[in-house]
Every structure is written in C-alpha cells, then in structure tokens.
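Thanks for sharing this one with me. Here are my notes, point by point, for you to read alongside the coordinates.

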Amino acid sequence: MTKRYWNITFEEMMEAGVHFGHDTRKWNPRMAPYISAKRKGIHIINLTRTARFLSEACDLVFDAASRGKQFLIVGTKKKAADSVTRAAIRARCHYVNKKWLGGMLTNWYTTETRLRKFRDLRTEQKTGKPNSLPKRDAAMLKRQLSHLETYLGGIKYMTRLPDIVIIVDQQEDYTALRECITLGIPTICLIDTNSDPDLADIPIPANDDAIASIRLILNKLVFAICEGRSSYIRNL
C-alpha cells in the first residue's frame with residue numbers, strides 16, 4: 001500500500017470540532033481507547049488517534065482508487081446529505097444520502113432491477129414519451145421517477161457491488177454497515193463516542209454530528225481518492 005502524507009493537522013480538526021463527542025452518559029465503553037478526556041459532561045475524542053486512523057483510511061482509498069476500485073459513500077442523516085453529495089460528485093463515487101433501502105447491497109439482484117427500471121424511465125422522459133401519455137399516466141411516471149431519483153439517484157450508474165464503503169454515521173446507517181459486513185465489503189466509518197469501533201474495518205473517531213467535522217473528514221478521503229484516480233489514469 002502506498003504511503004503518503006495527507007496533511008492532517010490538529011488545528012484544522014480542532015477548528016472543525018472533530019474532537020467533540022457525545023454526552024458522557026451516552027457512550028459506548030468500547031470507545032474508551034479513543035477518548036482523551038471529559039469536559040463539561042462531554043467526552044473529548046483523542047485527535048492523535050483520529051489523525052492516525054484517518055491517515056490509514058486515506059492510504060487505503062488512495063491505493064484502491066489507483067487500482068480502479070469503486071466507492072460508495074453513505075450518509076443519510078439530513079445534516080450530512082449535502083456534504084455527501086458534494087464529496088461523491090467530486091470524487092466520482094456512488095452515494096446514498098437519503099433513506100437506506102434495506103437489502104440495497106445484500107439483495108443486489110433486486111437493486112439492479114430497480115436501477116434498470118430507473119434508467120429506462122429516464123430514457124423515456126428524455127425522449128419525450130410522457131408528453132404522449134394521458135395526464136394521469138404522465139403524473140404517475142413523474143412520481144415514480146422522483147421517488148427513484150430520491151433513493152437511487154446517487155447509485156444510478158452503479159453496475160456492481162462497491163469495493164469500499166465509507167459511512168458518515170455508523171449509528172445512523174447501521175443497516176448499511178451490517179450489509180457490508182455480511183458481504184465482506186471493507187468499510188471506513190466515522191465513529192462518535194456512542195459507536196462500536198470494532199464493527200468498521202477502519203474506524204475514524206470523530207464528531208459525526210457537526211457539519212464542519214463531517215466535511216473535513218470527507219474532504220481528506222476525497223482528496224486521497226482523486227489522487228489515486230489520477231495515478232490510475234496515468235498508468236493506463
């Protein structure tokens with residue numbers, strides 16, 4: 001695996017609030033090695049561990065991207081949705097930023113069927129077919145497309161299971177994590193002080209509630225993916 005310097009500084013992590021955990025009453029004891037202190041009833045995350053694991057995650061995604069691997073970014077809570085979309089588009093990754101549909105990965109045959117239907121409907125819309133339909137049928141088609149765009153829009157070009165899944169909030173998207181574990185897909189997860197760090201392949205201890213914290217972590221990973229993709233293209 002290629003080792004690179006990803007310029008992860010304590011100053012930027014502090015400024016983004018990466019170190020702020022949850023209320024001390026709402027914690028998972030398995031997170032003890034990743035907590036450095038308590039302050040005003042809040043657990044403080046050990047940023048040395050954050051930097052270490054984030055660097056490892058960046059090395060992993062760089063190496064994978066340089067070999068043409070595919071990524072899926074998952075972040076379905078409202079405050080993470082926009083950051084997930086921007087990060088995924090920048091890194092040309094697939095993404096899910098709304099509700100995770102159970103079986104999206106473990107029942108891939110059904111997901112593929114839905115995606116084909118989605119692509120067919122998009123084609124029909126582009127060719128103007130709704131204009132030739134009765135108003136009721138056209139409205140139904142529009143609703144169908146809107147629903148599929150909301151939940152499958154970020155994976156509409158995904159033709160196979162991803163090689164690596166990045167999960168913004170392990171607690172919020174536990175179902176997605178379990179599907180990855182079942183299928184043996186490597187995961188990188190932001191883990192706040194209420195999470196179980198043993199579930200992710202690479203756990204990144206970080207505040208998963210602050211938009212600035214989420215954005216910082218995703219930006220580092222996206223930069224590494226983009227660097228890896230550039231290396232892959234150069235070696236074609």
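1. Let me begin with Leu-221. This is a predicted model, and in it Leu-221 is in contact with Leu-54, Ala-57, Cys-58, Val-61, Ile-166 and Ile-188, leaving aside its neighbours within four places in sequence. Leu-221 also belongs to the largest nonpolar core, which has 69 residues. Together with Ile-73 and Ile-188, Leu-221 touches the most other members of that core.

2. Where does the largest share of this core come from? Helix H2 (residues 47–65) supplies it, with 10 residues. Domain 1 (20–97 + 162–235) and domain 2 (108–153) both give residues to the core, so the core lies between them. As a general reminder, nonpolar side chains tend to be buried together in soluble globular proteins.

3. A word on the domains themselves. The protein chain is divided into domain 1, made of 20–97 and 162–235, and domain 2, made of 108–153. Between the C-alpha centres of domain 1 and domain 2 there are 32 Å.

4. Strand S6 deserves a good look. Its two faces are both covered: Ile-164 and Ile-166 are buried on one side, and Val-165 and Ile-167 are buried on the other. S6 runs parallel to S4, and four bridges join the two; here Ile-167 of S6 is the bridge partner of Val-74. With S7, S6 pairs in the parallel sense over three bridges, and Thr-187 in S7 is the bridge partner of Val-165.

5. Staying with Val-165, is this residue of strand S6 buried or exposed? Val-165 is buried, because its relative accessible area is 1% and the cut-off for buried is under 20%. Leaving aside neighbours within four places in sequence, Val-165 is in contact with Leu-72, Val-74, Cys-180, Ile-185, Pro-186, Thr-187 and Ile-188. By contrast with those contacts, Phe-20 is 145 residues from Val-165 in sequence and 24 Å away in space, C-alpha to C-alpha.

6. Now for helix H6 (residues 174–183), where Ala-176, Leu-177, Glu-179 and Cys-180 are buried. Seen down the axis of H6, these buried residues fall within an arc of 160°, so they line one face of the helix. They pack against strand S4 (71–74), strand S6 (164–167) and strand S7 (187–191). You may enjoy the arrangement here: S6, H6 and S7 make a right-handed β-α-β unit. After H6 comes Gly-184, whose phi is positive, near 75°.

7. Two residues other than glycine also caught my eye for their backbone angles. Asn-7 has a positive phi, near 55°, and is found in the segment before helix H1 (10–15). Asn-7 is partly exposed, with a relative accessible area of 42%.

8. The other is Arg-92, whose phi is likewise positive, near 55°. Where is Arg-92 found? Arg-92 is in the loop between helix H3 (78–91) and strand S5 (94–96). Arg-92 counts as exposed, because its relative accessibility is 53% and the cut-off for exposed is over 50%.

Technical notes: Residues are numbered from 1 along each chain as its sequence is written. This is a predicted model: local features need pLDDT of at least 70, side-chain atom pairs count only at pLDDT 80 or more; totals for chains, interfaces and linings use all residues. Side-chain values use heavy atoms; hydrogens and water are left out. A nonpolar core is a set of buried Ala, Val, Leu, Ile, Met, Phe, Trp, Tyr and Cys residues joined through side-chain atoms within 4.5 Å. Buried means under 20% relative accessible area, exposed over 50%, partly exposed in between (1.4 Å probe, protein chains only). Domain bounds come from an automatic or database domain assignment. Contact means heavy atoms within 4.5 Å. The arc is that of the directions from the helix axis to the C-beta atoms. Two strands pair if DSSP finds at least two bridges between them. A crossover is right-handed if, with the strands pointing away from the viewer, the path from the first strand over the helix to the second runs clockwise.
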